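I opened this notebook to keep track of what I looked up, item by item, while going through the coordinates. The entries below follow the order in which I made the queries.

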Amino acid sequence: MCGIIGYVGSRPAEEILLAGLRRLEYRGYDSAGISLLADGEIQSVRAVGNLDRLEEALADGGGGVATLAPPATIGIGHTRWATHGRVSERNAHPHCDSAGRVHVVVNGIVENYMALRESLRADGAVFSSETDAEVIAHLIATMYADDLASTVVRALGELEGFFAFVAMSLDEPDVLVAARRECPLVVGRGDGESFVASAVPAFLAHTRSVQIVENGEVVVVRADGVEILDSAGVALEREVTRIDWDEETAEKGGYETFMLKEIHEQADALAETINDRTVRGDGVDLAEEGVFDESLLHGVTRVVFVACGTAYHAGLMGRYAIEEWAGLPVEVEIASEYRYRGPIVGPTDLVIGISQSGETADTLGAMRTARERGARVVALTNVMGSQATRDADGVLYTRAGLEIGVAATKTFVAQLALVYLLALRLAELRGTLAPERLAELVRALRRLPQLVEELLGGLEERIDRIAEWCWEAPFFLYIGRHAGVPIALEGALKLKEISYVSTDAYAAGEMKHGPIAMLDESTPVVAVATSSPVLAKVLNNIDEVRARGAKVIAVSTAGDATVAPHVEATIEVPASDPMLEPLLAVVPLQLLAYRIAMRRGLNPDQPRNLAKTVTVE
Ligand code: G6P
């Protein structure tokens, strides 16, 4: 996830921007850049790699760019986590219009960038990067008459997607204009200086007076004051709040841990992963130039997922979705087993390595085995440039941003979203779904970010009340059926990973073949009981465990009254398609594991014995 910062005041902007970007490093990035305005000139320096590389480039005069004299007191900066366009200096921000008069730094995605790029090109704009972000600079420059603020208000009306950006223009050397749609943006008010950034840590060393920018708003930032405008350009009142966070809390966005912050970032991660792949409305586009060529999907006779840990559970979900929607056989394999098993695999097989990090040794090994046997190999990962991306014939990126908590949360929901997208694209190519059904599923998928947002409101308190009575239990059983099975497995893994509580997870139909022997009155049983063609069977299994005295916590679908009479506690998730509701159901299970870990006095960000990335066998 990119970090953006803007500064206007009376001190040298270069130092303040660089220090601010350092405070945003935790968001993850692969390149960085700044633009400074002084003396009727804007100079821009960008570099691939970390901020040390950027500082070296600045010290070098930025490849011919001399240090500005007098030092600039206004500027913008960016750390880029690549999503559109590979990691390169020309794709790094800031971006500018063809005349170099308007510079922008952007976080997020402009969904209609292709259409905008075409029309701006027709008007003479010359593009210099592969990014979607660059259109914003050209658009503002084209629309500009004599007022940057009103131009940004109008430009915002032309932009689709979710993003936050800061713009700076040579024509108005004392003002920055920023705007926000979904992606974070916050203003810092100093004494004779102002800041605007993705997150508070960027300016915490200078001021603790903060103004929150809401969705759809535009902010006009000057050294001596800030004006917030609504989407029609009307000025709004906004209180200045004082933040008393220390630096560490600030990095966590005010949350007590990274894991909790990342759980709350899931709507964003989903939107980034889904939205621009579903722009067509009636179908899915997975093509990404130089990254994923959809011809890899043509003539496929079988899909094989290879993965470890949480990523394996995303593969299991892929099996339900692809088999049901696209009518293709799917296998899901633990990567460490697959690589040594001598698998039967060949050219019409699509082998997909799912790996958050793209560096897990066993997943890489399994992908290599498949490749050697002639299969087409795709990496489904969150990290651009990771080893998996280099070893694969094509890459499907989740766009969840950097995940710091060892237990995967936001990257898992992004993986689920991407396997759903893949299933729908395969169905479309194979003609296995009626067009209306396909369009309906695309709409349902696009609504998921909003549903996750709704679900998270007030959920923590509800979950904590449940954790209050079960946190000391020594053993938990998780059950589910159909697409609920991967979620039961993932819920159990989360609890195990961060609470060190013994768990088992089973397809509910298997319960009678063993795990039921474990149950007694002390056992909490967590059941995924969202809507599904087999919900009645899940309820039967719930009755069976209750007959042994176990206490059942069920995740059910809002509006379904059939589950509550069978269980001790229900946690409702918003209604969606039965195949998609399990994605929603994992959110309360993550929080349940989280609240139990906290009640046990453990640090969920760094569970004992576990590593975020397992680069050895
Ligand atoms: C480790 C992590 C898990 C992750 C698994 C696979 O066990 O702690 O969160 O699911 O590795 O990692 P990958 O990066 O390949 O998804």
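The entries deal in turn with the ligand, the pockets, the cavities and one sheet.

**Entry on the ligand**

I note at the outset that this is a predicted model, and I read every value below as computed from it. I began with the ligand and asked which residues come nearest to it. Of the 13 residues around the ligand, the nearest are Ser 355, Gln 356, Ser 357, Thr 360 and Ala 611. I then went through the polar contacts, and found an oxygen atom of the ligand 2.6 Å from a polar backbone atom of Gln 356, and an oxygen atom of the ligand 2.6 Å from an N or O atom in the side chain of Ser 357. For Ala 611 I found a polar backbone atom at 3.0 Å from an oxygen atom of the ligand. I looked next at how much of the ligand is covered: taken alone it exposes 390 Å², and the protein buries 90% of that. When I sorted the shell by class, I counted 6 nonpolar residues, 6 polar residues and 1 charged residue. Helix 10, residues 309-326, gives the most to this shell, with 3 residues.

**Entry on the largest pocket**

I turned to open space and recorded a volume of about 970 Å³ for the largest pocket. Its lining has 36 residues, of which Arg 180, Glu 182, Cys 183, Pro 184 and Asp 268 are the closest to the centre. I checked which elements give two or more residues to this lining, and they are strand 7 (161-169), helix 8 (258-264), helix 9 (266-274) and helix 15 (435-456). Helix 15 gives the most, with 6 residues. By class, I wrote down 20 nonpolar, 6 polar and 10 charged residues for the lining of the largest pocket.

**Entry on the second largest pocket**

I found about 830 Å³ of space in the second largest pocket. Among the 28 residues that line this pocket, His 84, Tyr 113, Ala 287, Glu 288 and Glu 289 lie nearest its centre. Helix 4 (113-122) and strand 20 (394-397) each supply at least two residues of the lining, and helix 4 gives the most, with 4 residues. The classes here are 11 nonpolar, 6 polar and 11 charged.

**Entry on the cavities**

I searched the whole structure for enclosed space and obtained 4 cavities of 30 Å³ or more. The largest cavity has a volume of about 160 Å³, and the closest to its centre, of the 17 residues that line it, are Cys 2, Trp 81, Thr 83, His 84 and Gly 108. I noted His 84 here with some care, since this residue is also listed among those nearest the centre of the second largest pocket. Strand 6 (residues 102-110) gives the most to the lining of the largest cavity, with 3 residues, and the lining as a whole has 6 nonpolar, 7 polar and 4 charged residues.

**Entry on the sheet**

I finished with an open sheet of 7 strands, whose order is 5-6-7-8-12-13-14 with antiparallel pairing. Why is one side of strand 5 and of strand 14 left without a neighbour in the sheet? Strand 5 (95-96) and strand 14 (235-236) stand at the edges, and each has a single partner strand, so one side of each has no neighbour there. Further in the order, I looked at strand 12 (residues 218-222) and strand 13 (residues 225-229), which pair in the antiparallel sense over 5 bridges. In this pair I located Arg 222 opposite Gly 225 in strand 13.

Key
Residues are numbered from 1 along each chain as its sequence is written. This is a predicted model: local features need pLDDT of at least 70, side-chain atom pairs count only at pLDDT 80 or more; totals for chains, interfaces and linings use all residues. Side-chain values use heavy atoms; hydrogens and water are left out. On a 1 Å grid over the protein atoms alone, a cavity is a set of points where a 1.4 Å probe fits but cannot get out, and a pocket is an open set with protein on both sides within 12 Å along at least five of seven lines; lining residues have an atom within 4 Å of a point. Grid points are joined across faces, edges and corners, and a volume is the space filled by probe spheres set on the points. Ala, Val, Leu, Ile, Met, Phe, Trp, Tyr, Cys and Pro count as nonpolar, Asp, Glu, Lys and Arg as charged, and the others, Gly among them, as polar. A residue is near a molecule or strand if one of its heavy atoms lies within 4 Å of it. A polar contact is a pair of N or O atoms within 3.5 Å; within protein, one must be able to donate a hydrogen and the other to accept it, and residues adjacent in sequence count only if both atoms are side-chain atoms. Accessible areas come from the Shrake-Rupley method with a 1.4 Å probe; for residues, only the protein chains shown count as cover. Two strands pair if DSSP finds at least two bridges between them.
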